[in-house]
Amino acid sequence: MKIHFSTFCPNTFLTPKAKRQAYTDLASQQYDTVVFKSSSKDISNISKNFPNPINVIFADLDGTILTHNGIVPKSAENAIKQLENDGIKFILTTGRSDNEALPILRSLGITPNYIITQQGAIIVDGNGNNIYERALSIDGAKSIIAASEKYQNADPNTHLILYFDGVPYCCDDVQFVHSGAANIQKVDSFNPFFAQGKSPIKAILFKSDSRDYKNMFKIGSFYKNELQGEFNIFASAPWFCEIVNADVSKGNALKYLGENILGLSLKNAASLGDGENDIEMMRVVDKAGGLAIGMGNGVESLKYAAKYVTPHIDDDGFAKALNEILKNNKKFKKN
């Protein structure tokens with residue numbers, strides 16, 4: 001079954017916010033493809049319709065800047081450098097740790113002032129110092145471990161990984177499949193960390209034989225039922241489902257950074273992403289009057305949450321979005 005949405009929604013009894021939440025939930029819970037079709041979301045409309053200049057861009061990494069082959073397209077590299085020339089701040093907003101993200105930025109000649117990492121659980125400055133952190137509790141981590149042991153009995157190819165101090169640890173002998181990822185350290189137990197009073201930043205459920213988001217939505221549904229309440233659980237890749245504190249999201253982190261550290265209004269911000277974990281980032285920016293842009297290769301629920309949709313990453317979608325932002329900003333420059 002495929003569900004197609006157009007710019008017209010027949011259910012006039014739901015507010016736009018309620019419709020958006022309903023369709024996002026539908027995409028996550030029914031494990032089906034939601035295809036959103038709307039010419040109004042084409043990025044060529046940004047310079048025609050968007051009323052504000054953009055002075056900060058929050059961008060996801062994997063699937064947005066970094067292709068699935070682990071390559072940053074030259075077009076994306078050039079567009080990021082043009083942002084700097086135009087005085088627009090660029091903030092990477094990623095699920096990766098700073099240990100994984102910083103080398104990629106440096107390879108592009110970028111020295112960041114700040115990076116939002118670990119799905120919004122940590123914000124680091126350019127020197128790698130944490131200025132914001134929201135770790136899981138030890139009791140919360142233990143409940144995740146108990147749920148994982150139950151799930152792994154049915155599916156031994158789904159592995160629990162916990163991040164301590166930016167390093168991934170697992171009791172199984174596995175390694176990530178995506179390019180540039182940190183090496184997973186094998187341990188016999190997580191208990192020595194807990195005995196030292198250490199809390200993990202996040203948990204990853206890594207299904208090593210999956211290349212389909214539907215698998216991860218199903219895993220997420222199991223853990224949501226097992227772990228009532230205190231967690232934010234979402235699919236971040238076709239082989240990842242991630243668990244963080246309930247108040248952790250890229251959206252909350254960018255709001256904190258933009259308003260409390262940078263002193264900027266989010267109506268002058270843009271966000272770009274492709275995954276379920278980027279939806280809250282879209283909502284926060286859109287609600288503030290900013291510019292929320294989904295990648296053409298993104299999950300359909302994200303494209304519904306986005307204000308505009310740029311082409312696929314393999315069709316230079318990231319660079320095209322940034323070029324439209326630069327074009328939009330020219331409207332506000334004095335002659």
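**Overall fold and local contacts of the predicted model**

Of the 335 residues in the protein chain, 55% are buried, a value that, like the others reported here, was computed from a predicted model. The secondary structure of the chain comes to 11 helices and 16 strands. When contacts with a sequence separation of 6 or more are considered, 64% of them link residues that lie 24 or more positions apart.

An open sheet is formed by eight strands, which follow the order S7-S6-S5-S4-S3-S14-S15-S16 and whose pairing is mixed. Strand S7 (130-133) and strand S16 (308-310) stand at the edges of this sheet, and because each has a single partner strand, one side of each is left without a neighbour in the sheet. From one strand to the next, the twist averages 20°. Within the sheet, strand S3 (residues 56-59) and strand S4 (residues 89-93) run parallel and are joined by four bridges, with alanine 59 standing opposite leucine 92 in S4.

Helices H9 and H11 both have contacts with strands of this sheet. Helix H9 packs on the sheet and touches S3, S4, strand S14 (269-273) and strand S15 (291-295), while the direction of H9 makes about 160° with that of S14. Helix H11 (residues 317-329), for its part, lies across S3, S4, S14, S15 and S16, and runs at about 160° to S15.

The edge strand S16 contains threonine 310, which has a relative accessibility of 2% and therefore counts as buried, the cut-off being under 20%. Leaving aside residues up to four places away in sequence, threonine 310 touches Ile43, Ile293, Gly294, Met295, Gly296, Gly317, Lys320 and Ala321.

Helix H9 is largely enclosed by the rest of the structure, because seven of its nine residues are buried. The buried residues of H9 are Ile279, Met281, Met282, Arg283, Val284, Val285 and Asp286. Just after this helix, glycine 289 takes a positive phi of about 95°.

Helix H9 (residues 279-287) also meets helix H8 (residues 250-261), the axes of the two helices coming within 7 Å and crossing at roughly 40°. This crossing angle makes H8 oblique to H9. On the H8 side, the contact involves Lys250, Gly251, Leu254 and Lys255, which meet Glu280, Met281, Val284 and Val285 on the H9 side. Sorted by class, the residues of this contact comprise four nonpolar, one polar and three charged.

A further pair of strands is found in S12 and S13, where strand S12 (residues 231-237) is mostly covered, with six of its seven residues buried. Strand S13 (residues 240-245) runs antiparallel to S12, and six bridges join the two strands. One of the residues paired in this way is asparagine 232, whose bridge partner in S13 is valine 244. The connection from S12 to S13 is a hairpin that passes through two residues.

Two individual residues, serine 148 and aspartate 172, were examined in the same manner as threonine 310 with respect to accessibility. Serine 148 is found in helix H5 (residues 138-154), and because its relative accessible area is 5%, serine 148 is buried. Beyond residues up to four places away in sequence, serine 148 touches Leu160 and Tyr223.

Aspartate 172, by contrast, lies in the loop between strand S9 (167-170) and strand S10 (185-186), and with a relative accessibility of 22% this residue counts as partly exposed. The contacts of aspartate 172, again not counting residues up to four places away in sequence, are with Gln152, His159 and Lys186. Two of these neighbours are also joined to aspartate 172 by polar contacts between side chains: the side chain of glutamine 152 makes such a contact at 2.9 Å, and the side chain of histidine 159 makes one that is likewise given as 2.9 Å. Isoleucine 161 is 11 residues away from aspartate 172 in sequence, and the C-alpha atoms of the two residues are 8.8 Å apart in space.

Note on methods: Residues are numbered from 1 along each chain as its sequence is written. This is a predicted model: local features need pLDDT of at least 70, side-chain atom pairs count only at pLDDT 80 or more; totals for chains, interfaces and linings use all residues. Side-chain values use heavy atoms; hydrogens and water are left out. Buried means under 20% relative accessible area, exposed over 50%, partly exposed in between (1.4 Å probe, protein chains only). Two strands pair if DSSP finds at least two bridges between them. Contact means heavy atoms within 4.5 Å. A polar contact is a pair of N or O atoms within 3.5 Å; within protein, one must be able to donate a hydrogen and the other to accept it, and residues adjacent in sequence count only if both atoms are side-chain atoms. Axes are lines fitted to C-alpha atoms, for helices over the stretch in contact, and angles run from 0 to 180 degrees between N-to-C directions. Angles under 35 degrees count as roughly parallel, over 145 as roughly antiparallel, 65 to 115 as roughly perpendicular and the rest as oblique. Ala, Val, Leu, Ile, Met, Phe, Trp, Tyr, Cys and Pro count as nonpolar, Asp, Glu, Lys and Arg as charged, and the others, Gly among them, as polar.
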